[in-house]
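The following exercises train the reading of a protein complex from its sequence and its three-dimensional coordinates. Please study the structure shown here before attempting each task.

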Amino acid sequence: MARLRLLGPARDAAGTARADVPGATVGEVLDHARARFGERFAVVLEHSATWLNGAPAARDESVGEDDEVAVLPPVSGG
Amino acid sequence: MPAAATSPAGADWVLVTDDPLPVADALSWAVVPRCGAVVTFCGTVRDHSVGRDGVEHLHYECYEEHASARLADVLADARRRWPVLGRVALLHRTGHLDLKEVSVVVVASAPHRAEAFEAARHCIDTLKATVPIWKRETWSGGSDWASCSREITEVSDAPR
């Protein structure tokens with residue numbers, strides 16, 4: 001279980017900014033999110049970066065309930 | 001480094017805020033005796049983007065827990081590259097912005113203009129690629145996320 005944070009277009013596609021999602025790794029959390037939030041979210045996810053607690057994360061990194069996995073679509077600040 | 005709404009005591013100022021950006025304050029704050037050059041860059045809300053005429057307003061949102069820290073990383077990276085820099089401010093607005101409002105400010109002072117220009121240019125380019133902020137555009141034909149977006153990268157990946 002980890003806290004999932006969905007940002008910008010990912011939040012829009014999922015219909016929520018935060019969710020608690022099961023999974024022992026970053027990849028499992030993302031797979032659960034994809035199943036829960038549907039096709040439109042899956043498309044955004046495919047083009048997004050993933051952070052774990054504020055730093056880029058690989059799918060095989062393990063997560064606990066105090067960890068935050070974030071989905072960051074391409075950015076457009078400035 | 002705390003995100004400060006008023007000019008800080010130190011030489012670095014980063015801020016992410018829903019309020020109008022303090023452009024004039026940042027410029028005057030950046031002037032110090034050992035610096036003879038101050039470069040200010042402001043990004044402002046434009047009335048069009050690619051394929052979207054008649055842009056009416058923008059809405060910026062950020063990853064609140066990390067946006068200011070990323071701005072601070074960009075600033076620290078600029079200091080490593082240009083150690084002569086005097087004061088540097090990196091300010092970004094979030095929330096609703098109307099046409100012509102200032103969305104981002106970079107101010108850099110240095111003893112001479114070359115370093116001030118180079119550092120300011122580097123800061124805005126790196127900021128746009130590395131800070132977790134998203135822009136939603138409302139134009140005459142609808143409303144959607146900005147199409148000119150880029151995969152987020154690390155500050156350490158910025159070109160030399």
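Five exercises follow, each with a worked solution.

The model is predicted. The predictor assigns the complex an ipTM of 0.96 and a pTM of 0.95. For chain B the average pLDDT is 96, and 98% of the residues score at least 70.

**Exercise 1. The mixed sheet of chain B**

Task: Determine the order of the strands in the sheet of chain B whose pairing is mixed, and explain why one side of β1 and of β2 has no neighbour.

Solution.

Step 1. The sheet is open and has four strands, in the order β1-β6-β8-β2 (chain B).

Step 2. In chain B, β1 (12-17) and β2 (37-44) stand at the edges; each has a single partner strand, and therefore one side of each lacks a neighbour in the sheet.

Step 3. Direction ignored, neighbouring strands of this sheet are turned by 5 degrees against each other on average.

Step 4. Consider next the pair formed by β6 (residues 88-93) and β8 (residues 102-110) of chain B: these strands run antiparallel and are joined by five bridges. Within this pair, B:L90 is located opposite B:V106 of β8(B).

Step 5. Two helices are then added to the picture. Helix α2 (residues 64-81) of chain B packs on the sheet and touches β1 and β6 of chain B, with its direction at about 150 degrees to that of β1(B). Helix α3 (residues 113-130) of chain B also packs on the sheet, where it touches β2, β6 and β8 of chain B; the angle between its direction and that of β8(B) is about 150 degrees.

**Exercise 2. The antiparallel sheet of chain B**

Task: State which strands form the open sheet of chain B with antiparallel pairing, and identify the edge strands.

Solution.

Step 1. Four strands make up this open sheet, in the order β7-β5-β9-β10 (chain B).

Step 2. At the edges are β7 and β10 of chain B, each of which pairs on one side only. The average turn between neighbouring strands of this sheet is 20 degrees, direction ignored.

Step 3. Strand β5 (residues 55-62) of chain B is linked by seven bridges to strand β9 (residues 133-139) of chain B, and the two run antiparallel. Here B:Y60 is placed opposite B:K135 in β9(B).

Step 4. Four bridges pair β9(B) with strand β10 (residues 142-145) of chain B in the antiparallel sense, and a hairpin of two residues connects these strands. B:R136 has B:W145 as its bridge partner in β10(B), while B:E137 faces B:D144 in β10(B).

**Exercise 3. The nonpolar core**

Task: Identify the residues with the most contacts inside the largest nonpolar core.

Solution.

Step 1. The largest nonpolar core contains 63 residues, and B:L90, B:A108 and B:C123 have the most contacts inside it.

Step 2. Helix α2 (residues 26-46) of chain A supplies the largest share of this core, eight residues.

Step 3. When neighbours within four places in sequence are left aside, B:C123 is in contact with B:V74, B:A78, B:L90, B:V106 and B:A108.

**Exercise 4. The contact between the chains**

Task: State how many residues each chain gives to the contact, and classify those of chain A.

Solution.

Step 1. Chain A contributes 14 residues to the contact and chain B contributes 24 residues.

Step 2. On the side of chain A that touches chain B, nine residues are nonpolar, five are polar and no residues are charged.

**Exercise 5. Three loop residues**

Task: Decide whether B:G86, A:N53 and B:K100 are buried, partly exposed or exposed.

Solution.

Step 1. B:G86 lies in the loop between α2 and β6 of chain B. This residue counts as buried because it has 21 C-beta neighbours inside 10 Å, and the threshold for burial is 20 or more. Its C-alpha atom is separated by 9.4 Å from that of B:P33, 53 residues apart along the chain. Beyond four places in sequence, the contacts of B:G86 include B:A11, B:V32 and B:S109.

Step 2. A:N53 belongs to the loop between β3 (49-52) and β4 (55-56) of chain A. With 16 other C-beta atoms within 10 Å, A:N53 is partly exposed. Its phi is positive, about 55 degrees, although the residue is not a glycine.

Step 3. B:K100 occupies the loop between β7 (95-98) and β8 of chain B. B:K100 has 9 C-beta neighbours inside 10 Å and so counts as exposed. B:K100, likewise a residue other than glycine, has a positive phi near 75 degrees.

Note on methods:
Residues are numbered from 1 along each chain as its sequence is written. Chains are lettered from A and ligands numbered from 1 in the order in which they are written. This is a predicted model: local features need pLDDT of at least 70, side-chain atom pairs count only at pLDDT 80 or more; totals for chains, interfaces and linings use all residues. pLDDT is the predictor's confidence in each residue, from 0 to 100. Two strands pair if DSSP finds at least two bridges between them. Axes are lines fitted to C-alpha atoms, for helices over the stretch in contact, and angles run from 0 to 180 degrees between N-to-C directions. Two residues are in contact if their C-beta atoms, placed from the backbone, lie within 7 Å. Ala, Val, Leu, Ile, Met, Phe, Trp, Tyr, Cys and Pro count as nonpolar, Asp, Glu, Lys and Arg as charged, and the others, Gly among them, as polar. A nonpolar core is a set of buried Ala, Val, Leu, Ile, Met, Phe, Trp, Tyr and Cys residues joined through C-beta atoms within 7 Å. A residue is buried if 20 or more other C-beta atoms lie within 10 Å of its own, exposed if 12 or fewer, and partly exposed in between; C-beta atoms are placed from the backbone.
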